[in-house]
Each structure stands twice: as structure tokens, then as C-alpha cells.
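Work through the exercises below with the sequence and the coordinates open beside you, and try each task before reading its solution.

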Amino acid sequence: MAVTGDLVQMGALIGAGLACTGMGGAAIGIGHVVGNYLSGALRNPSAAAGQTATMFIGIAFAEAMGIFSFLIALLLMYAQ
Amino acid sequence: MASDVAEGGFNIQPMEQFVIKPLFGGHELNWYTPTNMTLWMGIAILAATLLLIVGTRRRAIVPTRTQSIAEVFYSFVYRMVEDINGTAGLKYFPYILTLFTFVLAANSLGLVPYSFTTTSQAAITVTLALTVFLSVTIIGIIKNGPRFLKVFWIDSAPLALRPVLAVIEIISYFVRPVSHSIRLMGNMMAGHAVIKVFAGFAGALGVFAVFPVLAIMGVLALEVIVAFIQAYVFAILTVIYMNDALHPGGH
């Protein structure tokens with residue numbers, strides 16, 4: 001019984017680590033959003049101020065995916 | 001569970017700070033038990049209320065520091081609502097301002113060492129997000145009646161695509177409260193856990209603890225920005241969801 005418990009725990013911890021790779025996707029997404037915002041803003045600085053809110057919304061949506069994977073990792077570690 | 005391994009005789013648990021404890025000893029938690037969470041939530045509500053009441057009491061032409069901060073928050077949220085929802089949305093401006101100041105106060109107070117971050121609890125953020133979701137849906141149905149369904153039926157798309165898009169839109173509509181709440185909770189929880197993990201390094205390293213401490217300062221500076229941005233994102237997403245209730249189909 002102790003062996004199976006350890007195996008389950010090992011699997012959960014490995015799974016939590018794997019789930020955290022999803023945060024890399026969120027990082028790419030946020031970098032994409034901000035990078036494109038900056039390249040657009042440097043071409044036309046006068047239009048940049050009006051689009052800051054849109055950029056933050058884009059960041060928030062991209063970031064939510066990373067947060068979901070973080071949540072899965074937390075659930076695997078603490079809520080078995 | 002994951003932190004059974006003691007490093008250098010100094011064991012720190014990054015998730016311990018999110019445990020809800022009764023204030024006056026004991027272990028049982030009833031709905032009326034005063035806990036560390038209710039304490040800090042009360043402080044956050046008090047801080048937000050006091051800032052706006054004290055700040056706007058004198059209304060001097062040359063504003064004091066408190067007054068100018070209250071004015072900045074007020075005009076910031078007011079402009080946000082007006083830009084996105086138009087004048088029709090100004091009716092719900094007090095709600096948005098309340099949400100913004102409460103989330104901002106709770107986020108910032110959570111940065112004080114040994115305090116409790118109210119918004120790192122799913123119970124709080126899910127309540128806030130569900131309230132937004134329900135009020136948007138109810139206001140939308142009352143104001144527009146069956147025209148509210150235009151939110152799911154996108155007129156600008158080709159006719160053949162519309163049923164497919166409708167399914168996607170319905171799913172994304174009902175996932176909204178989930179992502180709305182989990183975003184705030186996850187951000188607050190992740191940031192504070194990172195600080196605690198670095199604190200654990202500092203305990204294990206002895207003399208070289210100065211490097212983790214410097215890193216903690218950096219992370220904490222980032223957390224101040226995150227605390228503001230998450231309050232902003234929470235408020236602006238509420239405004240955008242409210243836009244669906246006020247102008248369904250008009251993107």
C-alpha cells in the first residue's frame with residue numbers, strides 16, 4: 001500500500017512539472033502581444049496611447065492560459 | 001506534502017501563507033468565524049472606502065495627496081467605462097469603481113509582509129466573477145430581451161459559419177467567470193509563492209543569502225506592478241463583459 005501511494009505521489013509530482021511547461025506557451029504569447037504592440041507603436045507613436053488597454057487585455061488572455069497550467073500543477077500537488 | 005525535504009535545517013513552505021486560520025485560536029471554521037482572511041478583507045474594504053471618502057470630503061481646488069489619489073482612481077475608471085461602454089455604461093460606473101478599488105486594495109495589502117492576500121483565495125475571486133457574470137447576463141436580458149442572443153449570433157460572419165461560431169461563443173461565454181476569477185487568484189498566489197520560495201533559498205544559503213534577498217526585492221517590485229495591473233485587468237474585463245449586455249452584437 002505504501003508503494004502505490006509513493007507511485008501515485010511520484011506521478012502527481014511529475015505531472016505537476018509537466019503542467020508547468022504550459023507556462024512557456026503563455027510566455028511566448030505575452031511576448032508576441034507586447035512585441036507586436038511595440039513594433040506597431042514605434043511605427044505610429046501617435047496611435048499607441050489608444051491601444052494600451054487593448055494590449056493589456058491581450059496580455060490578460062494570453063496569461064490566463066499559463067495560469068490555468070499553474071493551477072493544474074497546484075491541484076496535482078496539493079489536492080489529490 | 002512537497003516540502004517534506006528540509007534544506008539546511010531551514011524548512012519553508014511556500015503554500016503555508018494561504019492557509020485560512022481562525023483569529024482567536026481553535027481549529028473549527030464556521031461561516032461566522034473571524035479568520036485572518038476576513039480580517040484582511042475588512043481592512044481592504046476599510047482602506048478603499050476611507051481613501052475615497054476622506055479624499056473627496058474637502059474637494060479643494062488645490063488637491064491634497066489623498067484627494068489627488070482618489071481623483072486619479074475615479075477619473076481613470078470613469079474614462080475606462082466611458083471609452084468602452086459609452087454614456088449608457090456610466091450607470092454601472094459605481095460598481096466598476098467599487099470592484100477596482102476593492103481588488104486593488106486587497107492586492108496591495110497582500111504585499112505587506114505577514115499579511116494575508118485576500119484575492120489569492122478562489123472563494124473571493126469566484127464570488128466577484130460570478131457576481132459580474134450574473135449581473136451582466138441579467139442586465140442584458142432585461143435591457144434587450146431576446147436581442148441579447150445576438151451576442152452568440154455574429155452577423156458579420158458568413159451564414160454557414162455562424163452556427164459553428166455560435167457554439168464557440170456560447171462556450172467562451174460560460175468559461176468567462178472561470179478565467180476571470182482564476183486569473184486574479186493565480187497571479188496573486190503565484191507571485192507570493194515565488195517570494196516564499198526565494199525566502200527558502202535565503203534560509204538555506206547562510207552568508208550568500210544576500211543574493212536571494214536581492215531577488216526577492218526584484219520580485220516584490222514586480223508584484224507591485226502586477227497588483228495594479230491585475231486590478232486594472234479585472235475591472236476592464238468587467239467593463240468589456242458589460243458591453244455585451246448594453247450593446248449585444250455591436251462589436
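**Exercise 1: a pair of helices**

Task: In this predicted model, describe how helix α1 (residues 36-55) of chain B is placed against helix α2 (residues 65-85) of chain B, given that their axes come within 8 Å and cross at roughly 110°.

Solution: Begin with the angle, for which values of 65 to 115 degrees count as roughly perpendicular; α1(B) and α2(B) are therefore roughly perpendicular to each other. Turn next to the handedness, where the crossing of α1(B) past α2(B) proves to be left-handed. Then list the residues that meet, which are B:Leu51, B:Leu52, B:Val54 and B:Gly55 from α1(B), and B:Thr66, B:Gln67, B:Ile69 and B:Ala70 from α2(B). Sorted by character, the residues of this contact comprise 5 nonpolar and 3 polar, with no charged.

**Exercise 2: the chain as a whole**

Task: Characterise the fold of chain B by its elements, extent and burial.

Solution: Counting elements gives 6 helices and 0 strands in chain B, so that the pattern read along the sequence is α-α-α-α-α-α. Along the principal axes, the C-alpha atoms of chain B fill a box of roughly 65 × 55 × 40 Å. Of the 251 residues in chain B, 28% are buried. Finally, among contacts in chain B with a separation of 6 or more, 64% join residues 24 or more positions apart.

**Exercise 3: the contact between chains**

Task: Which elements of chain B give two or more residues to the side that touches chain A?

Solution: The contact draws 14 residues from chain B and 13 residues from chain A. On the side of chain B, the elements that give two or more residues are α5 (162-205) and α6 (210-246), and the largest share, 6 residues, comes from α5(B). By character, this side of chain B holds 10 nonpolar, 3 polar and 1 charged.

Technical notes:
Residues numbered from 1 in each chain as written. Chains lettered and ligands numbered in written order. Predicted model: local features only at pLDDT ≥ 70, side-chain atom pairs only at ≥ 80, totals over all residues. Contact = placed C-beta atoms within 7 Å. Helix = DSSP H or I, 4+ residues; strand = E, 2+ residues; numbered from the N terminus. Nonpolar A, V, L, I, M, F, W, Y, C, P; charged D, E, K, R; others polar. Axes fitted to C-alpha atoms, helices over the stretch in contact; angles between N-to-C directions. Parallel < 35°, antiparallel > 145°, perpendicular 65-115°, else oblique. Left-handed = near helix turned anticlockwise from the far one by under 90°. Buried ≥ 20, exposed ≤ 12 C-beta atoms within 10 Å, placed from the backbone.
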